[in-house]
There are 2 protein chains.
Amino acid sequence: MKRDTGKVYLIGAGPGDPELLTLKAVRVLAHADVVLIDDLVDRGVLVHAPRARVIEVGKRGGCKSTPQSFIERMMVRLARRGHVVARVKGGDPFVFGRGGEEMLALAAAGIDCEVVPGITAGIGVPATLGVPVTHRGVARGVTLVTAHTRDGAGPDWAALAHTGTTLVIYMGMRRLPEIAAALLAAGMPQMTPAAVIEQGTTPRQRQVIATLATLEAQARAAQLGSPALIVIGAAVGFARGLARVEELAQVA
Amino acid sequence: MKRDTGKVYLIGAGPGDPELLTLKAVRVLAHADVVLIDDLVDRGVLVHAPRARVIEVGKRGGCKSTPQSFIERMMVRLARRGHVVARVKGGDPFVFGRGGEEMLALAAAGIDCEVVPGITAGIGVPATLGVPVTHRGVARGVTLVTAHTRDGAGPDWAALAHTGTTLVIYMGMRRLPEIAAALLAAGMPQMTPAAVIEQGTTPRQRQVIATLATLEAQARAAQLGSPALIVIGAAVGFARGLARVEELAQVA
């Protein structure tokens with residue numbers, strides 16, 4: 001490592017609410033020279049980076065997203081000029097954030113890289129409804145997955161249905177009908193509590209709480225769209241004002 | 001809700017490093033009247049609660065742990081006296097933190113309760129080694145589980161092995177031999193990268209990185225003990241200084 005080479009921090013900004021930033025993220029932002037911020041991250045986090053140049057990357061409305069390779073080259077170039085670079089992502093950099101790819105690209109270029117974890121939406125967003133993703137006797141764990149994978153195939157929904165864990169699905173809205181069908185086919189009960197939560201932890205949060213059998217119709221009726229999280233499992237029955245524990249026991 | 005009734009915040013303090021506290025947690029602590037803190041939480045977080053009375057609960061070394069029902073009754077009593085109570089837990093309150101149970105007890109008593117999420121060890125701790133718990137083409141998701149459940153039965157390890165997700169096991173050190181045996185029996189390759197990480201994100205962090213076949217022997221040789229996290233899956237191969245992506249592809 002040359003003494004005049006900078007460093008890149010891959011920072012998780014949490015699910016939406018800028019107050020869910022960590023103290024460590026705030027400290028790094030305070031001395032960052034450049035901030036590369038994803039479009040989905042609330043601009044409120046930038047108050048912590050008063051001296052940084054801000055570059056917006058990532059998906060923007062209907063426009064094309066910044067290519068991943070372009071972002072990686074930019075980080076390498078900025079670090080080689082000696083800059084401290086804060087790469088700010090929604091949620092956690094290592095949970096569907098492509099942080100692993102960026103870490104590898106930086107390592108290949110000999111650039112020092114440090115990860116500052118953030119609260120992932122899959123855990124922080126259900127909490128806003130009083131839904132614990134794990135709960136003794138109800139949900140023995142939690143699985144975070146995306147609906148699509150690089151090769152175009154979906155996850156093994158039958159295996160997931162048999163884990164006994166709460167299933168949290170990121171970026172799954174377009175495939176909700178086939179996800180529900182696959183889980184039902186694997187033997188998951190129709191009455192399993194399920195939710196779709198749009199823009200969780202922000203002032204624009206909206207959600208529907210339904211069952212596995214009715215979720216898609218209800219989410220469509222409420223016109224919920226991306227970015228949204230799908231949460232499926234008996235623990236969703238704890239959602240504020242919904243089922244009681246005794247009712248849940250019959251579903252689990 | 002009576003006007004003179006207090007409120008309880010269930011706060012996640014993150015995996016160990018007090019800098020992983022969120023800004024929201026810090027704000028709540030600043031105006032808390034009473035802090036109920038778990039023994040595993042770093043006392044460094046208490047600098048943010050200068051005006052609070054501090055009550056230590058939870059497991060302490062070899063001593064008996066504070067009964068859960070006692071903690072719940074204490075929270076109800078304090079809130080009824082009008083206090084703002086900050087209940088501080090390690091990790092996230094809703095990921096194996098019994099936060100769900102405390103939320104239900106408070107709701108049953110008519111006490112207002114708000115959850116402040118924290119970074120769960122299962123995601124934040126592997127990151128210290130450069131391990132992304134999800135990674136395109138390598139780990140299509142992540143599953144967080146405990147080794148034991150209330151009824152004494154373990155999770156369905158065969159189903160978990162077939163999810164294609166990184167497996168993160170909390171509180172599993174005593175059952176490591178049977179966990180590894182069950183995953184191998186389910187067809188998970190012997191060479192699957194695997195790690196045990198003790199006291200992650202703290203200055204006392206230690207770990208071994210091995211394979212599913214050798215993890216237990218290596219963890220024993222290194223005398224690793226609780227609290228520790230077990231991480232199993234191809235993504236563990238990214239651990240700093242270990243395998244490269246090409247090698248991982250053969251394992252995945």
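Two residues count as in contact here if their C-beta atoms, placed from the backbone, lie within 7 Å. Keep that cut-off in mind for the tour, and remember that you're looking at a predicted model.

**Stop one: helix 3 of chain A.** Select residues 99-108 of chain A, which make up helix 3. Now pick out A:Gly99, A:Gly100, A:Glu102, A:Met103 and A:Leu106: these are buried. Turn the view until you look down the helix axis, and you'll see the buried residues of helix 3 fall within an arc of 165 degrees, so they line one face of the helix.

What sits over them? Add strand 1 (7-12), helix 2 (68-80), strand 4 (84-89) and strand 5 (112-116) of chain A, which are among the elements covering those buried residues.

Before you leave, click on A:Gly110, just after helix 3 of chain A. A:Gly110 takes a positive phi of about 75 degrees.

**Stop two: where the chains touch.** Show chain B as well. The contact takes 49 residues from chain A and 49 residues from chain B. On the chain A side, colour helix 1 (23-30), helix 3, helix 4 (121-127), strand 6 (141-146) and helix 5 (157-161), each of which gives two or more residues. Strand 6 of chain A gives the most, with six residues. Colour the chain A side by residue type and you get 24 nonpolar, 17 polar and eight charged.

**Last stop: strand 6 meets strand 6.** Select residues 141-146 of chain B, which form strand 6 there. Five bridges join this strand to strand 6 of chain A, and the two run antiparallel. For one pair to zoom in on, try A:Val142, whose bridge partner is B:Leu144.

Terms used:
Residues are numbered from 1 along each chain as its sequence is written. Chains are lettered from A and ligands numbered from 1 in the order in which they are written. This is a predicted model: local features need pLDDT of at least 70, side-chain atom pairs count only at pLDDT 80 or more; totals for chains, interfaces and linings use all residues. A residue is buried if 20 or more other C-beta atoms lie within 10 Å of its own, exposed if 12 or fewer, and partly exposed in between; C-beta atoms are placed from the backbone. Helices (H or I, at least four residues) and strands (E, at least two) are DSSP runs, numbered from the N terminus. The arc is that of the directions from the helix axis to the C-beta atoms. Ala, Val, Leu, Ile, Met, Phe, Trp, Tyr, Cys and Pro count as nonpolar, Asp, Glu, Lys and Arg as charged, and the others, Gly among them, as polar. Two strands pair if DSSP finds at least two bridges between them.
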